[in-house]
Amino acid sequence: MHRLLFLLLALLALPATALAEPRLDGEFPVDSKPAQLTLGPDGNVWFVTDSDEIGRITPDGTVSDDFPHGMSGAARDITAGGGRLWLSQDDSVIAIDPADPENPEIHSINEIGTARGVAREADGDLWVVDDFEGTVVEVSADGQFKRELPGKEVKGVKPSGRDIVVGGDGKLYWADFNGPSIQVTDPVAGTTKALELTGGNPQELAVGPDGQVWFSSPNSIVGRIAPDGTVDETTNTNRDGFGAVFANDDAYWFAELTTGTLGRLTPGGELTHPIDLGATSKPRHITKGAGDTLWVSLEEMGKERIARITGVSAPEPLPEDPGPVA
């Protein structure tokens, strides 16, 4: 009884201020259609476009979107690591120093025919999905080809790869649109297995807590993968899920293209749709930024822009138990 009374008094003594609710807090026009985004080592968000340029947006919403990446056509994906930005492109990877974005370093990799997602391991190596070949290609930290590992056919169909992440177990998880499946490649053993899905065509992935991996699909399905390979699919009726990120509020956030909304799924499976960006906004990709923010690419024709969501904060901890009261 004494302990319960102490906790009640402690709660009453807390300041009356509450954490801000997640909300739309600015939309910033860009010249070309924005696509994948990533938080750079400089604290800014960087993004690829549908042109041969990449862009940067600062925490206050200042946009610079005219940095040529040095290759013809749009880059396929972007990630950060080792103080640099890394772009996947057909037949190459591109390294960019955020402090000197006018001078990209192009590394030709003939083994990457049709590039898709790119991810970086802790040792600095990159892995790039080759969609046409249904493989993943390892590239060293200095931009040299190392090896290519095949995906696993599902029902006799070659994988068609999309996004890729490095899971908490060190394995590579990549979305197979054709399977449909999530391909799991063990870079140590050099082997791949396919986790078949019952519905949807997976597009993008995010790494969550305790080794969990999340995937999106534009066919009314989102899902979670446990470290033991168990797949838990959640119905997301009439909503096209695309880009995804695990945010500071301990939940997955994802862009829903056809409804102009953002979805939120907890690691335990609670699904909500807390942000409405407008029915015609066409949100597709999403990333975390500095200061409990999320940044979302909006593809509305003639109104291409990037949205900032604030207040995506960590849950407030409960008061500590004071222990036995004399």
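Here are some questions and answers on one sheet and one core of this predicted model.

This is a predicted model, with local features needing pLDDT of at least 70, side-chain atom pairs counted only at pLDDT 80 or more, and totals for chains, interfaces and linings using all residues. Residues are numbered from 1 along each chain as its sequence is written, and side-chain values use heavy atoms, with hydrogens and water left out.

Q: In what order do the four strands of the open sheet lie?
A: Strands here are DSSP runs (E, at least two residues) numbered from the N terminus, and two of them pair if DSSP finds at least two bridges between them. The pairing in this sheet is antiparallel. S10 (115–120) and S13 (145–150) are the edge strands, each pairing on one side only. That fits the order S10-S11-S12-S13.

Q: Which residue of S12 is the bridge partner of Val 128?
A: S11 (residues 126–130) and S12 (residues 135–139) run antiparallel and are joined by five bridges. One of the pairs puts Trp 127 with Glu 138. For Val 128, the partner in S12 is Val 137.

Q: Which residue in the turn between S12 and S13 has a positive phi?
A: Five bridges join these two antiparallel strands, and Val 136 has Leu 149 as its partner in S13. The two strands form a hairpin with five residues between them. In that turn, the residue with a positive phi, about 85°, is Gly 143.

Q: How many of the five residues of S12 are buried?
A: Buried means under 20% relative accessible area (exposed is over 50%, partly exposed in between; 1.4 Å probe, protein chains only). Thr 135, Val 137 and Val 139 point one way, Val 136 and Glu 138 the other way, and all are buried. So by that cut-off the count for S12 is five of five.

Q: Which strand gives the most residues to the largest nonpolar core?
A: A nonpolar core is a set of buried Ala, Val, Leu, Ile, Met, Phe, Trp, Tyr and Cys residues joined through side-chain atoms within 4.5 Å. This one has 14 residues, and Trp 253 and Val 296 are among those touching the most other members. S23 (252–256), S27 (293–298) and S28 (305–310) each supply at least two residues. With three residues, the top contributor is S27.

Q: Which proline is in contact with Val 296?
A: Contact means heavy atoms within 4.5 Å, and neighbours within four places in sequence are left aside here. The partners of Val 296 include Leu 262, Leu 277, Ile 286 and Ile 309. Also on that list is the proline, Pro 283.
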